[in-house]
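I opened the notebook with a short list of things to look up. Contacts, helix packing and cysteines were on it.

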Amino acid sequence: LTLGAVAAAGIFVSAVVLVLGLLNLTTLLEYIIPMSIVRGIQLGLAVSLFKKGYTSLLVRDVDGSLVWNPFEQVDSFTLALLISVLLLVLLNLSPPLRLPPPAALIVFLLGLIIVIACHWSEIPVDEFGPSVSLVTITAQDWLDGILNGGLPQLPLTLLNSVISVCVLARELFGDDCRGGSTKHMAVSVGAMNLLGCWFGAMPCCHGCGGLAAQYRFGARTGTSVVML
């Protein structure tokens, strides 16, 4: 998809989700959709992301085929394995300590240091900074974006980014957690994308997996999202 088509897809999905939220129809969807369907979509998404992550660790052989090369590249399976071990160690240090170590921040800073040390010459330092401009969306972009991006994404956004994230929030923080309604979540997702996509922002949402990961790594308030 072109940039215009991606923006069109984001605008379409956010508009639909926003309307559903304002009309409080997401509450009805939460009631009638079985949780097994939501869990199934989450599992499928997790497998897809795992496959994408594994594929990114493969390298091109001389004949053009993808091969597993665990040692010769910085972005390799070996580094991923070492980071996983480090995370397990940091997370297991939590019970004896009064305050758990910020495992996610430590790994992020470590990755940032590795990138700067190994790929400094490839970093476009002169291009840093905001670049705000309206995205030009043609009629073909609207058609491609809605058919090939928006419609396939809409069920995933509603189920994973609105319904299941609210279910998980109530499981983690109780039924009286603030912002735990699907109406509030849908309005939030719709509003931020309906504004940002016109300026080339990548469509984004409140993922259930992100909430679970942030909670596991110690996040308990909205400040963690602001820092992220």
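Which residues does S164 touch, not counting residues up to four places away in sequence? I note before answering that this is a predicted model.

**Entry 1: S164.** I found V38, Q42, L159 and C208 touching S164, with residues up to four places away in sequence left out. I then looked up where S164 sits. S164 lies in helix α6, which covers residues 139–173. Buried or exposed was my next check on S164. S164 has a relative accessibility of 1%, so I put it down as buried.

**Entry 2: α1 against α6.** I stayed with α6 and turned to its packing with α1. The axes of α1 and α6 are 7 Å apart, and the helices pack at an angle of about 45°. That angle makes α1 oblique to α6. I logged the crossing of α1 and α6 as right-handed. Then I sorted the residues of this contact by type. I have 15 nonpolar, six polar and two charged residues for α1 with α6.

**Entry 3: α1 against α7.** How do the axes of α1 and α7 cross, and at what angle? Helix α1 runs over residues 3–22 and helix α7 over residues 182–196. Their axes come within 7 Å and cross at roughly 150°. An angle over 145 degrees counts as roughly antiparallel, and α1 and α7 are therefore roughly antiparallel to each other. I logged this crossing of α1 and α7 as left-handed.

I wrote out the residues that meet. From α1 I have G10, I11, S14, A15, V17, L18, G21 and L22. They meet K183, A186, V187, V189, G190, A191, N193 and L194 of α7. By type, the residues of the α1 and α7 contact divide into 10 nonpolar, five polar and one charged.

**Entry 4: cysteines.** How many disulfides does the model hold? I took the cut-off for a sulfur pair as 2.5 Å. The count is zero disulfides. I followed up on C197. C197 is in no disulfide, and the nearest cysteine sulfur, that of C204, is 7.5 Å away. C197 has a relative accessible area of 1%, so I entered it as buried.

C205 is in no disulfide either. For C205 the nearest cysteine sulfur is that of C204, 7.1 Å away. I entered C205 as partly exposed, with a relative accessible area of 38%.

Definitions and conventions:
Residues are numbered from 1 along each chain as its sequence is written. This is a predicted model: local features need pLDDT of at least 70, side-chain atom pairs count only at pLDDT 80 or more; totals for chains, interfaces and linings use all residues. Side-chain values use heavy atoms; hydrogens and water are left out. Buried means under 20% relative accessible area, exposed over 50%, partly exposed in between (1.4 Å probe, protein chains only). Axes are lines fitted to C-alpha atoms, for helices over the stretch in contact, and angles run from 0 to 180 degrees between N-to-C directions. Helices (H or I, at least four residues) and strands (E, at least two) are DSSP runs, numbered from the N terminus. Angles under 35 degrees count as roughly parallel, over 145 as roughly antiparallel, 65 to 115 as roughly perpendicular and the rest as oblique. A crossing is left-handed if the near helix is turned anticlockwise from the far one by less than a right angle, and right-handed if clockwise. Contact means heavy atoms within 4.5 Å. Ala, Val, Leu, Ile, Met, Phe, Trp, Tyr, Cys and Pro count as nonpolar, Asp, Glu, Lys and Arg as charged, and the others, Gly among them, as polar.
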